[in-house]
Amino acid sequence: MTNAPRLTALDSVHRSLGATMTDFAGWDMPLRYASERDEHNAVRTKAGLFDLSHMGEITVTGPAAADLLDHALVGNIGKVAAGRARYTMICREDGGILDDLIVYRLGEAESPEFMVVANASNAQTVLDALTARAEGFDAEVRDDRDAYALLAVQGPEAAAIVQSLTDADLAGLKYYAGLPATVAGVPALLARTGYTGEDGFELFLAPEHAETVWSALTEAGSGRGLVPCGLSCRDTLRLEAGMPLYGHELSTDLTPFDAGLGRVVKFEKTSNGGAFVGRAALEKAAERAESAPPRKLVGLIAEGRRVPRAGYQVVADGKVIGEVTSGAPSPTLGKPIAMAYVDAAHAEPGTAGVGVDIRGSHEPYEVVALPFYKREK
Amino acid sequence: MSNPQELRYSKEHEWLSAATDGVSTVGITEHAANALGDVVYVQLPEVGDTVTAGETCGELESTKSVSDLYSPVTGEVVAANQDVVDDPALVNSAPFEGGWLFKVRTAEEPADLLSAAEYTEFSGS
């Protein structure tokens with residue numbers, strides 16, 4: 001075993017661009033290339049190019065692949081049409097969230113194939129859980145983490161940039177859909193997904209082609225304001241868009257209902273007699289969330305300029321009423337923002353008297369509904 | 001990047017100008033500004049405050065983190081740069097010039113500060 005961080009296929013590209021690198025889930029990843037605020041704003045107004053090769057791809061194939069995923073995950077995966085994708089979660093028997101996932105259905109009914117994309121930090125956990133849960137199913141779970149590099153092009157100019165490099169019909173490619181395509185002369189799975197709140201694409205491709213496609217996208221985007229973007233702005237983009245991040249808003253201590261994401265749990269699914277891992281606990285969690293929610297996930301907007309950070313306490317009347325899970329200065333709002341779990345009594349948008357304890361001083365914050373930012377369509 | 005020869009430097013990455021009429025200017029280095037990333041909030045000591053060499057006297061917040069500001073010198077604050085309070089990005093764009101932080105009437109000659117060459121070796125940039 002070595003503790004040396006893993007390098008993506010684009011490592012030398014990042015270094016030649018002068019990126020500030022950071023260790024993320026055991027990978028050496030670009031944090032930012034220049035100003036993270038400029039990178040953030042480029043994605044909101046033009047386009048940004050990300051290396052997301054740390055994400056964990058797991059392929060599930062075989063006649064019972066859909067039944068296995070319906071058993072192992074909380075979503076109704078059997079109902080996902082070929083070429084479409086779903087946001088879903090994998091939970092423990094006690095309902096605690098192991099990870100949030102995107103599942104792409106690649107193969108048609110006669111040769112089922114799904115790609116499960118896990119967070120880098122949880123990829124091994126998800127792989128182990130899927131492998132264990134596959135027992136008794138005529139399905140194969142394959143670790144494909146090394147089989148793919150992942151690039152993302154995000155922002156209002158993304159479609160024009162990607163379209164200039166492919167014959168694929170992007171106008172017909174819906175949000176949360178993916179298709180095999182040739183991009184810059186290279187085979188790729190081209191998906192209309194992202195984690196920024198903007199229109200955009202994710203390209204799964206063989207690592208040996210990553211530099212070719214990165215270069216082609218950089219060139220195609222040069223007249224359209226595309227800039228390389230690091231994980232720092234990815235975090236502020238997803239925070240503005242109200243998207244949860246595992247380890248912050250999501251954890252094994254919480255069920256999807258606690259996180260306000262109960263809609264991903266599909267009790268109505270009929271495969272495997274309706275049974276799936278975590279069902280009993282999740283039914284109770286759904287009831288609890290309805291009748292007596294312990295805490296709710298809310299947005300907070302600062303009235304001042306000091307920035308709330310994960311772990312800071314949310315206070316009202318001198319009492320602790322919650323905890324910040326993610327916080328950052330929002331480039332789009334021009335103010336610090338945060339996501340926080342707060343007691344239900346203080347969770348209504350507009351609740352007065354809520355503050356965040358920022359290193360001993362109680363700074364006033366406005367409680368708002370998520371997301372902070374929604375793009376105009 | 002180059003660290004100006006005429007300044008002296010602390011190991012907490014602040015710089016201190018030579019005194020003019022007993023008053024020195026304090027800022028953070030370009031190395032520190034680059035390490036922080038985009039600075040979004042600056043809290044400075046107020047005019048009249050006494051600052052002590054090696055002790056915290058304010059804070060700098062960037063997108064990813066918050067860092068204490070240490071005074072490289074002991075003395076009385078005679079000016080704070082309102083421009084960086086209003087536009088913290090100045091710390092990134094001009095750390096040795098328009099992004100200065102505060103001015104101190106120095107009480108004593110500071111010890112243990114580094115020359116430009118020593119700081120360049122210490123910080124690696």
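Chain A contains 8 helices and 20 strands, where helices (H or I, at least four residues) and strands (E, at least two) are DSSP runs numbered from the N terminus. The radius of gyration of chain A is 21 Å, close to the 21 Å given by the globule rule for 377 residues, so the chain is as compact as a globular protein of that length. This radius is taken over C-alpha atoms, and the rule is 2.2 Å times the number of residues to the power 0.38. The model is predicted: local features need pLDDT of at least 70 and side-chain atom pairs count only at pLDDT 80 or more, while totals for chains, interfaces and linings use all residues. Residues are numbered from 1 along each chain as its sequence is written, and chains are lettered from A and ligands numbered from 1 in the order in which they are written.

The C-alpha trace of chain A spans about 60 × 55 × 45 Å along its principal axes. Buried residues account for 51% of the 377 residues; a residue is buried if 20 or more other C-beta atoms, placed from the backbone, lie within 10 Å of its own. Of the contacts in chain A between residues at least 6 apart in sequence, 67% join residues at least 24 apart, a contact being two C-beta atoms, placed from the backbone, within 7 Å.

An open sheet of 6 strands in chain A follows the order S11-S12-S13-S10-S4-S14, with mixed pairing; two strands pair if DSSP finds at least two bridges between them. Strands S11 (178-183) and S14 (226-228) each have a single partner strand, so one side of each lacks a neighbour in the sheet. Strand S4 (residues 47-51) runs parallel to S14(A) and is joined to it by 3 bridges, with Gly48(A) opposite Val227(A). Helix H2 (residues 36-45) lies across S4, S10 (149-154) and S14 of chain A, at about 115° to S4(A). For such angles, axes are lines fitted to C-alpha atoms, for helices over the stretch in contact, and values run from 0 to 180 degrees between N-to-C directions.

An unreviewed UniProt entry annotates residues 295-374 of chain A as "domain: Aminomethyltransferase C-terminal"; such annotations may be inferred rather than shown by experiment. This span is 0% helix and 57% strand, and its end C-alpha atoms lie 24 Å apart. Ala338(A) is found in strand S18 (residues 335-343) and counts as buried because 26 C-beta neighbours lie inside 10 Å. Its contacts beyond four places in sequence include Leu300(A), Pro308(A) and Val356(A).

The contact between the chains takes 11 residues from chain A and 8 residues from chain B.

Technical notes:
Buried ≥ 20, exposed ≤ 12 C-beta atoms within 10 Å, placed from the backbone.
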